[in-house]
Amino acid sequence: MTSQNFLCPQGYEPLNQTENHIAHIGQGFYKRNEEGNLVMAFWVRPENGNSGGVAHGGMLMSIADYCLCSVAMESKENYAATISFRSEFIAPAKVGDLVEIFTTITKETRSLAFGQGQIKSRNEVVFSFSGTIKKIKK
């Protein structure tokens, strides 16, 4: 794995990370807009991996939850809180891989958002998730 692996991926821009629990996962969070949907990405670094050399499942769950809440928030001036979260581990993402997180809101009410998504690595789905998010006004 070279330092080149950790450069901003083509088509993405750096994401200004302000959430401490996500910032501790590592530097190098990126975002892009794909057909009106926010897509996030990051490189799986050694500190994100388990002893098998793949992304730790708990870390993937944290990232997926963060992305689901981020997409559900109406603005950065508001908050979002997870009510329910479901996930499935499908395949490993190896240390050194770029993972992309695709999240879609499928239904919204005034105070709730329902969404789903996938984490992909090397164009393969490695993790799928869905959840219900509470939208909280400041």
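**Exercise 1. In this predicted model, find the ring over which the charged end of Lys120 sits, and describe how the strand holding that ring is paired.**

*Solution.* Begin with the charge: the end of Lys120 sits over the ring of Phe102, at 5.2 Å from the ring centre. Next, look across from the ring residue, where Phe102 stands opposite Gln118 in β6. The pairing of the two strands can then be followed, since β5 is joined to strand β6 (residues 112–121) by nine bridges, in an antiparallel arrangement. A hairpin of three residues makes the connection from β5 to β6. On its other pairing, strand β5 (residues 98–108) runs antiparallel to strand β3 (residues 37–43), and five bridges join them. Within that pairing, Val99 in β5 is the bridge partner of Phe42. A further case of a lysine over a ring is Lys107, which lies over the face of Phe114 at 5.9 Å from the ring centre.

**Exercise 2. Determine how many aromatic pairs the structure contains, and classify the pair of Phe29 with Tyr66 and that of Phe127 with Phe129.**

*Solution.* The search of the whole structure returns five aromatic pairs. Among them, Phe29 and Tyr66 have ring centres 6.0 Å apart and planes at 80°, an edge-to-face pair. Because planes over 60 degrees apart count as edge-to-face, the angle settles this assignment. This pair links distant parts of the chain, with Phe29 in strand β2 (residues 29–34) and Tyr66 in helix α2 (residues 57–72), 37 residues apart. As to burial, Phe29 has a relative accessible area of 5% and is therefore buried, and Tyr66, at 13%, counts as buried too.

For Phe127 and Phe129, the centres are 6.2 Å apart and the planes make an angle of 35°, which gives a tilted pair. Both Phe127 and Phe129 are buried. These two residues also belong, together with Phe85 and Phe89, to one aromatic cluster.

**Exercise 3. Locate the salt bridges of Glu13, Glu100 and Arg122, and state for each residue whether it is buried, partly exposed or exposed.**

*Solution.* The whole structure holds five salt bridges. Take Glu13 as the starting point: its side chain meets that of Lys31, with N to O at 3.9 Å. The partners come from distant parts of the chain, Glu13 in strand β1 (residues 13–14) and Lys31 in strand β2, 18 residues apart. Glu13 is partly exposed because its relative accessibility is 45%, and Lys31 is likewise partly exposed, at 26%.

Turn then to Glu100, which forms a salt bridge with Arg32 at 3.5 Å, N to O. Here strand β5 contributes Glu100 and strand β2 contributes Arg32, and the residues are 68 apart. Both Glu100 and Arg32 are buried.

Finally, Arg122 pairs with Asp97, the closest N and O atoms being 2.6 Å apart. Arg122 lies in the loop between β6 and β7 (124–136) and Asp97 in the loop between β4 (79–89) and β5, so the pair ties together parts that are 25 residues apart in sequence. Arg122 is exposed, with a relative accessible area of 63%, whereas Asp97, at 6%, is buried. Salt bridges with shared partners also join Arg32, Glu34 and Glu100 into one network.

**Exercise 4. Establish how many disulfides the structure has, and examine Cys67.**

*Solution.* The search of the whole structure finds zero disulfides. For Cys67, the nearest cysteine sulfur belongs to Cys69 and is 9.6 Å away. Because a disulfide requires sulfur atoms within 2.5 Å, Cys67 is in no disulfide. Cys67 counts as buried, at 1% relative accessibility, whereas Cys8, at 35%, counts as partly exposed.

Notes
Residues numbered from 1 in each chain as written. Predicted model: local features only at pLDDT ≥ 70, side-chain atom pairs only at ≥ 80, totals over all residues. Heavy atoms only, no water. Buried < 20%, exposed > 50% of the residue type's maximum accessible area, 1.4 Å probe, protein only. Phe/Tyr/Trp six-rings, centres within 6.5 Å; stacked < 30°, edge-to-face > 60°. Helix = DSSP H or I, 4+ residues; strand = E, 2+ residues; numbered from the N terminus. Lys NZ or Arg CZ within 6 Å of the ring centre and 35° of its normal. Pairing = 2+ DSSP bridges. Salt bridge = Lys/Arg side-chain N within 4 Å of Asp/Glu carboxyl O.
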